[in-house]
Amino acid sequence: MEFAPKFRWWWPNGEVDVDEIIREVGQVADAGFGGLEVADVHHSVDSSLLDVKGHGWGSKSWIAAVEAALDEGARRDVRIDITLGPSWPAAVPSITPQSEAALTELVHGSIEVAGGEEFAGAVPEPVTEAASGVTEHRLIAVHVAQIVEKPSRGPIRIDRDSLEDVTDSVTDGNLTWTAPDGTETWVVISYWERGSGQQPEGGKHTDPTSYVVDHFSAAGAQALIDYWEKNVLTARIKELLPVSGGAFFEDSLEIETEATIWTRNIVDEFASRNSYGLDDFLPILIERDEKYVYDFADFKNDRVRDDYNRVLSDLYTEHHLIKLRDWAHDLGVEYRVQAYGLEQDSISQAGIVDIPETESLGAKNVDDYRVLASGRDLAGGKILSCEAAAYYGAAYDTTWTKVLQTLGETFVGGVNQTVLHGFPYLSAPGSQWPGFAAFSPYYNDAIGYSEAWGPRTPNWTHVSDVSAFITRTQWVLQQGKAQYDIAFLRQKGWAQTGIGAPWSTRDGIPIGWTHGFLSSSSLELENAVVADKRFAPEGGNYKVIVVDIDRFRGREATLAPSVATKLVEYAESGLPIVLYGDWSNPESTGLADDEANSSVAASVATLTKSPNVALAPEDADIATALKSLGVNRTVTYEFSNLKHVHRVDGERDFFYLANARHNPPKDKLELIDQTVTLTATSADSIPFTLDAWTGEIRPVAEYQRDGNRVSLRIRLTPGQSTVIVFADGDWAGVKVPSAYVVDTDADRVRLKDTKIYIESDSAGQKRATLSNGKVRKGKIPNLPAAVGVTSWSLKVDGWEPQDIDSAETKHVSSTHSLDGLRPWTEIAGLEDTSGVGDYSAVFELDGKWAVGLVGVGLELGPLRDTYRIWVNSQRVADVDIFADRVDISDYVRPGRNNLRVEVTTTLLNRLRVVNPTVYGVAKRAEYGLVGPVNVVAFGRVRVA
């Protein structure tokens with residue numbers, strides 16, 4: 001259960017029943033899931049129906065339910081995480097927007113004045129309206145400046161030299177000021193500090209209203225802590241928290257304001273962390289609707305904005321993340337956070353919290369996961385969690401096959417803990433069949449985000465197969481430490497940007513290269529050392545650092561002076577370094593002085609002279625630079641969609657390889673069938689295959705070896721993954737054959753009970769060369785033709801509402817005789833049915849099959865979701881649901897054989913008719929076996 005996936009557990013505040021809470025913990029445990037995250041998320045519910053005064057977040061009923069969840073979780077070994085506020089971002093009802101602890105914003109007012117004219121009157125009021133509950137705003141400064149240009153798009157350009165602070169001329173809120181004579185237009189800009197009034201998402205949650213705390217000040221975090229200490233942390237909860245093994249959780253940093261994100265002490269904090277102050281740069285920090293309003297003409301405006309965002313990021317780290325992490329530790333729990341959402345150093349922050357978390361919905365490619373994985377690894381962390389498998393418009397129509405393809409992409413990105421989105425509490429005020437779902441059906445009057453997992457959906461029927469597969473995979477991905485080839489040193493540690501690595505994302509990954517990311521702060525960590533020409537041996541073990549230009553803003557070649565100095569030290573220690581882009585005129589990051597710029601230029605000049613440094617002006621030059629420096633990849637294969645992650649535990653190597661892509665099923669995948677060369681830590685280790693569906697560990701039966709480099713065949717259908725482990729011969733108690741196949745003209749090599757067989761789908765003489773030099777030959781006889789299974793009896797357990805206003809499901813059985821397979825949408829009476837289909841058929845194996853000598857495979861054709869197979873009343877064990885052929889040789893017999901296939905569906909087709917207003921826009925899903933289903937023969941010859 002420690003390695004099992006979790007669910008986001010959506011509650012309608014405290015309007016929950018304790019007995020139902022206990023029941024749902026049990027449902028999750030019985031299904032093989034290891035955790036639940038309590039989150040008050042109910043976007044689909046009409047807020048007017050919620051009793052926030054009596055049953056809001058943090059109420060007595062909510063606390064009683066949390067106690068019950070923690071207690072039952074401890075009993076069932078289900079870890080219970082708790083979101084630190086109602087929904088997100090973190091908020092409490094003990095503050096108002098005027099409180100010191102509340103989130104603040106900087107808003108502006110402006111008025112234009114012609115040259116020579118006098119302005120006399122009230123200082124311009126804010127141009128953006130205040131949010132509900134905001135009753136005060138404080139004037140902090142007034143500037144006047146000459147307008148240079150007002151482009152049709154983009155910021156208004158003003159003359160920096162003309163900027164004048166006239167704050168001291170303001171009396172009782174009024175200003176008298178005369179613009180200089182001339183034809184120019186001037187602007188009076190006022191700056192106001194006020195509470196943002198942001199409330200947590202998807203209210204209502206509490207009475208009084210909760211407001212988002214200031215995530216950039218100590219006061220904000222303290223308000224959160226104080227509320228929990230005084231109102232939530234009962235003696236029972238304090239007792240249960242460390243026992244539950246869970247964590248406190250915070251969602252992504254979604255600060256919503258039409259103005260500039262601010263904090264009350266930012267002016268002093270900025271001055272103490274930079275060589276200049278903010279006073280003269282307020283105009284270029286002003287935002288409206290997330291767009292900058294003013295630029296200084298002929299000035300590097302983004303340098304100041306970068307400095308400002310860096311300070312906000314540091315304040316978030318120091319005053320929020322560290323403070324709440326340490327408080328959680330005092331209570332005996334961990335702190336899990338999605339530390340991204342703003343222009344912040346998420347790479348660094350991923351290493352500061354106990355469990356950093358990413359999310360598949362916001363990620364745009366595999367690198368969006370690797371950014372946070374790299375921060376975790378360099379800081380010595382173990383877990384990267386992922387809020388996984390949320391798809392817009394897919395509520396009640398998400399398949400486990402789609403989920404697993406998404407997870408494959410997250411896993412190769414470094415994720416090793418899944419928190420599925422999500423598991424809703426049974427019911428909520430106003431909810432209809434099949435029960436409460438956080439984002440459907442009334443999310444923006446459309447089909448909402450998926451998925452309402454649980455016993456309410458037919459495809460929950462096979463969920464234990466899926467959870468076991470994920471659990472075993474996550475066990476693999478938590479072994480040892482991650483290893484990478486390339487570290488890309490980025491100018492910024494932003495996350496969820498979709499900005500990949502130059503060359504490597506597009507051209508390097510498809511041939512086996514792996515990479516991670518560093519930010520400037522990464523080089524300050526304890527693990528940021530060079531040993532044996534590797535960077536961070538305990539935090540990624542990178543072979544080379546590629547220094548990237550600023551591809552987030554400006555594409556400038558900049559480095560902090562301290563980072564440039566570090567790079568020189570690394571190169572002198574023998575670490576290969578590649579300078580990517582144009583480094584002919586390097587400068588310091590931020591708004592730096594001449595001394596800082598000169599320091600960076602000198603360091604870069606030293607780097608370019610080092611034999612351990614190569615230049616790569618363009619993307620394609622990176623491969624050339626790596627070759628010139630003698631840097632090779634650990635895994636090699638021909639260009640394909642194959643992706644992998646490599647972890648090392650002592651001299652044991654774990655390779656997870658997947659045929660997955662980010663947006664299933666929009667991203668079409670092809671079969672991967674190719675030779676892959678893996679480099680093991682030890683030349684004496686033996687390759688094993690781990691089957692995450694069955695739990696079986698077996699030695700690889702066919703490979704070629706050159707020292708610690710092992711080449712083997714990897715065959716993965718779309719969505720499939722595999723695990724190869726290099727370990728000593730006594731690992732896991734698995735007996736290893738004395739020889740293995742190094743070459744064969746057969747189609748496959750299979751190991752069974754330490755015996756090695758070659759298999760072929762065609763007749764004829766087949767050959768296998770063994771590692772001991774012996775050549776084995778065998779003749780595959782003429783194989784019988786495939787047997788098509790066309791006549792079926794189908795029994796359907798249809799799921800319908802017992803009552804539309806209830807979560808109870810009525811089961812309607814029907815039986816159908818089929819003389820040919822087709823989707824349910826083409827079977828009379830099943831067009832709008834959702835449920836579980838039980839298919840039964842008979843097939844004959846005549847004397848040509850020579851059962852026991854001829855292998856027997858079952859091909860089911862394309863299937864939309866999960867299935868289970870029985871042959872002659874025996875369940876075929878733990879079938880990989882992505883397999884295009886299932887070996888049923890051990891289950892068949894001569895003559896008559898009974899075949900049974902159970903398939904599951906989503907609820908979409910039934911909901912289309914139950915609630916056509918919402919779900920009627922969706923196309924009917926094609927459920928069931930659609931075939932063709934064939935029983936096929938293959939030859940098998942033992943060679944060792």
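Helix α11 has 15 residues, which at 1.5 Å a residue should span 21 Å, and because its end C-alpha atoms are 21 Å apart in this predicted model, the expected and computed values agree. The helix is mostly covered, with 11 of its 15 residues buried. The buried residues include Val463, Phe469, Ile470, Val476 and Leu477, and also Asp465, Ser467, Thr471, Thr473 and Gln474.

The loop between β21 (417-424) and α11 contains Pro441, and the peptide bond that leads from Ser440 to this proline is cis, with omega near 15 degrees. Glu451 is also found in the loop between β21 and α11, and here a cis peptide bond joins Ser450 and Glu451, with omega about 0 degrees. Pro441 appears again in the description of the largest cavity, where Pro441, Gln432, Trp433, Pro434 and Asn915 are the residues that lie nearest the centre, out of 13 that line this space. The volume of the largest cavity is about 90 Å³, and the count of cavities of 30 Å³ or more comes to 10.

Helix α11 also takes part in the lining of the largest pocket, to which α11 (463-477), β36 (686-690), β37 (697-699), β39 (709-716), β40 (721-727), β42 (748-752), β53 (886-887) and β55 (933-942) each supply at least two residues. About 1,800 Å³ of space lies in this pocket. Its lining is made up of 50 residues, and those that lie nearest the centre are Asp691, Arg698, Arg748, Arg750 and Arg885.

From these spaces the reader can turn to the packed interior. In soluble globular proteins, nonpolar side chains tend to be buried together. In this model the largest nonpolar core holds 250 residues, and the members that touch the most others are Phe248, Phe535, Ile545 and Trp792. The element that gives the most to this core is helix α7 (residues 301-330), with 10 residues. A second core, separate from the largest, has 18 residues, among them Val635, Tyr637, Ala680 and Val700. To see the surroundings of one well-connected member, one may look at Trp792, which, when residues up to four places away in sequence are not counted, touches His816, Ser817, Leu818, Leu821, Tyr839, Ser840, Ala841, Leu899, Val901, Leu929 and Val933.

Two further helices can be followed in the same careful way. Helix α1 (residues 18-30) has 13 residues and reaches 18 Å from its first C-alpha to its last, close to the 18 Å expected at 1.5 Å a residue. Its buried residues are Glu20, Ile21, Glu24, Val25, Gly26, Gln27, Val28 and Ala29, and what covers them includes β1 (6-11), β2 (35-40), α3 (60-76) and β21. Strand β21 thus comes up for a second time, since the loop that holds Pro441 lies between β21 and α11.

Helix α13 (residues 561-572) has 12 residues that should span 16 Å at 1.5 Å a residue, and its end C-alpha atoms are 17 Å apart, which agrees. In α13 the buried residues are Val563, Ala564, Leu567, Val568, Tyr570 and Ala571. Seen down the axis of α13, these buried residues fall within an arc of 160 degrees, so they line one face of the helix. The helix is followed by Gly574, whose phi is positive, near 100 degrees.

A positive phi is also found at two residues that are not glycines. Ala389, with a phi of about 70 degrees, has its place in the loop between β20 (385-388) and α10 (400-412), and with a relative accessible area of 0% it is buried. Trp503, with a phi of about 65 degrees, lies in the loop between β23 (486-489) and α12 (504-508), and at 8% relative accessibility Trp503 counts as buried too, because buried means under 20%.

Val742, finally, lies in strand β41 (residues 741-744) and, at 23% relative accessibility, counts as partly exposed. Leaving aside its neighbours within four places in sequence, Val742 is in contact with Tyr703, Gln704, Thr769, Leu770 and Ser771. Val742 and Glu618, which are 124 residues apart in sequence, are 41 Å apart in space, C-alpha to C-alpha.

Key
Residues are numbered from 1 along each chain as its sequence is written. This is a predicted model: local features need pLDDT of at least 70, side-chain atom pairs count only at pLDDT 80 or more; totals for chains, interfaces and linings use all residues. Side-chain values use heavy atoms; hydrogens and water are left out. A nonpolar core is a set of buried Ala, Val, Leu, Ile, Met, Phe, Trp, Tyr and Cys residues joined through side-chain atoms within 4.5 Å. Buried means under 20% relative accessible area, exposed over 50%, partly exposed in between (1.4 Å probe, protein chains only). Helices (H or I, at least four residues) and strands (E, at least two) are DSSP runs, numbered from the N terminus. Contact means heavy atoms within 4.5 Å. The expected span of a helix is 1.5 Å times one less than its number of residues. The arc is that of the directions from the helix axis to the C-beta atoms. On a 1 Å grid over the protein atoms alone, a cavity is a set of points where a 1.4 Å probe fits but cannot get out, and a pocket is an open set with protein on both sides within 12 Å along at least five of seven lines; lining residues have an atom within 4 Å of a point. Grid points are joined across faces, edges and corners, and a volume is the space filled by probe spheres set on the points.
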